[in-house]
Every structure is written in C-alpha cells, then in structure tokens.
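Grab a coffee and work through these short exercises with the model open beside you. Try each task before you read its solution.

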Amino acid sequence: MQSIVAVLVITDPITRGIFFKAMTEHEPERRGAYVRTITITVAITLGIAALAGREILDLLGINLGAFGIAGGLVVSLMGFEMLFGGEPSRAQGGKEAHEQPPSFAGSVIVPYAIPFVAGPGAITLVITIASSTSNGEGTIAALAGVAAAVVLLPIGHLVIANRLKLSESAINIATKFGGLLIATIGIQLMLGGIKTFFGLS
C-alpha cells in the first residue's frame, strides 16, 4: 500500500491534470487523444523501470543498497524543492508546466509525459521499490503503484481536472503537502538503502 501511495504522490495524476487542462485550453477536442498518448508513455516507461530496473543495476554492477541511498536522496531533494517552492520540481519538468504552447501536440511525450509525469524521481522510486526485496515482492509492489498511477491518469486529466476549480494558492498548498510526503518517502528509501548496504536487519 505504501508503494502505491508513493508512486501516486510522485506522479501526481490529479494536480498534473490541472496543468494539462491549462496547457490544452485552445484544443479541448484533442484532450482524449493526448491523454491516451500520455498514459501509454508513462505505463511503458515506469513498467520497464519496475520490471528491468534491478537487472540493469546488476548489469552495471551497482549495489542495491547504494542505489537505494542515492535514489532516496534524489527523491528527498525533489520533495524539499516542492515543499519550499510550491511547484513541481525542476527534475519533473516543473518549469515547462507553466508554459502554454499554441498546440500541445509537440509536448505530449516530451516534456509532459517525460519528465513532467514519469520523471527521474518517479523512475528512481519505481526501481528502488522493485529492488527492495529479492523474492519478487518489490517488483509486484512497484507494478501495483505504476498500475494505480496509470488508472488515475485519465481520471485526473479528463474528469476531475475539468470539474475542479482550484485557485493558485490551493494548488500551491497541495503541491507543498505532496512535497512533504515525497521528502518523507525519500528519507525512508535512504534508510532502507543504508540497512541493505550494511546488511542490517
């Protein structure tokens, strides 16, 4: 359950849906097609990270504990950036989120799906969760989190975002709260990596 919450918090399909609505203001009739592309891209990106992340680390000779520490640090820094900045972190494409191009067609995959939704922090988190156990439970937990995010992406982008009318301050508060959760999750990942690295029980 914690893994699902962690992936949902860092991909944030609801708040990002509000940005999506603003960025497609001039072409609402194409939102359905855009969301399909975004959802497929995120599913493939994070799905590969969950299924093959550990094998890639082994191939590169990277210690799982060390990766957990580094990954947790990255996630924590992203969370603190969101907490104090009040907007998505730069690693997740926060700067691009405020740009409104004439047509969204050229921005659907990059920079929106990657890295705004499935950014380095989300990929690192999924790989870290998948690599947290040696019996496959971590991979299942990571895939469950990815599946939950993929299911909520269309809902957040096409249903809730169109009906919610949130002020800039409300979005700011929600982002800061999400940043606090992400920073906490990152610290937990770091502690787990330290335990793994040093072989602590």
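**Exercise 1.** Work out what span helix 8 (residues 168-198) should have, and check it against its end C-alpha atoms.

*Solution.* This is a predicted model, so we're checking the prediction against itself.
- Step one: helix 8 has 31 residues, and each one adds 1.5 Å.
- Step two: the expected span counts one less than the number of residues, which gives 45 Å here.
- Step three: the end C-alpha atoms are 45 Å apart, so the two values agree.

Once you're past the end of helix 8, have a look at Gly-199: its phi is positive, at about 65°.

**Exercise 2.** Find the buried residues of helix 8 and say which helices they pack against.

*Solution.*
- Step one: pick out residues under 20% relative accessible area. In helix 8 that includes Ile-171, Thr-175, Gly-178, Gly-179, Ile-182, Ala-183, Ile-185, Gly-186, Leu-189 and Gly-193.
- Step two: think about the spacing. An α-helix makes a turn every 3.6 residues, so residues three or four places apart point the same way.
- Step three: look for the partners. The buried residues pack against helix 1 (2-11), helix 2 (13-23), helix 4 (64-85) and helix 6 (120-130).

**Exercise 3.** How many salt bridges does a search of the whole structure find, and are the partners buried or partly exposed?

*Solution.*
- Step one: the search turns up two.
- Step two: take Arg-16 and Asp-12, whose side chains meet at 3.4 Å, N to O. Arg-16 is buried because its relative accessible area is 2%, and Asp-12, at 17%, is buried too.
- Step three: take Glu-27 and Arg-30, which meet at 3.7 Å, N to O. Glu-27 is buried, with a relative accessible area of 7%, while Arg-30 is partly exposed at 37%.

**Exercise 4.** Which residues of the largest nonpolar core touch the most other members, and which helix gives the most to this core?

*Solution.*
- Step one: this core has 42 residues, and the ones touching the most other members are Ile-38, Val-42, Phe-104, Tyr-112, Leu-125 and Val-126.
- Step two: list the contributors. Elements giving two or more residues include helix 3 (31-60), helix 5 (108-117) and helix 7 (137-163). Helix 3 gives the most, with eight residues.
- Step three: zoom in on Ile-38. Leaving out residues up to four places away in sequence, Ile-38 touches Phe-20, Phe-104, Val-108, Tyr-112 and Ala-113.

**Exercise 5.** Where in the protein chain is confidence lowest, and where is it highest?

*Solution.*
- Step one: start with the chain, which averages a pLDDT of 82, with 89% of the residues scoring at least 70.
- Step two: go helix by helix. Helix 2 is lowest, at a mean of 79, and helix 3 is highest, at 92.

Key
Residues numbered from 1 in each chain as written. Predicted model: local features only at pLDDT ≥ 70, side-chain atom pairs only at ≥ 80, totals over all residues. Heavy atoms only, no water. Helix = DSSP H or I, 4+ residues; strand = E, 2+ residues; numbered from the N terminus. Buried < 20%, exposed > 50% of the residue type's maximum accessible area, 1.4 Å probe, protein only. Contact = heavy atoms within 4.5 Å. Salt bridge = Lys/Arg side-chain N within 4 Å of Asp/Glu carboxyl O. Core = buried A, V, L, I, M, F, W, Y, C linked by side-chain atoms within 4.5 Å. pLDDT = per-residue confidence, 0-100.
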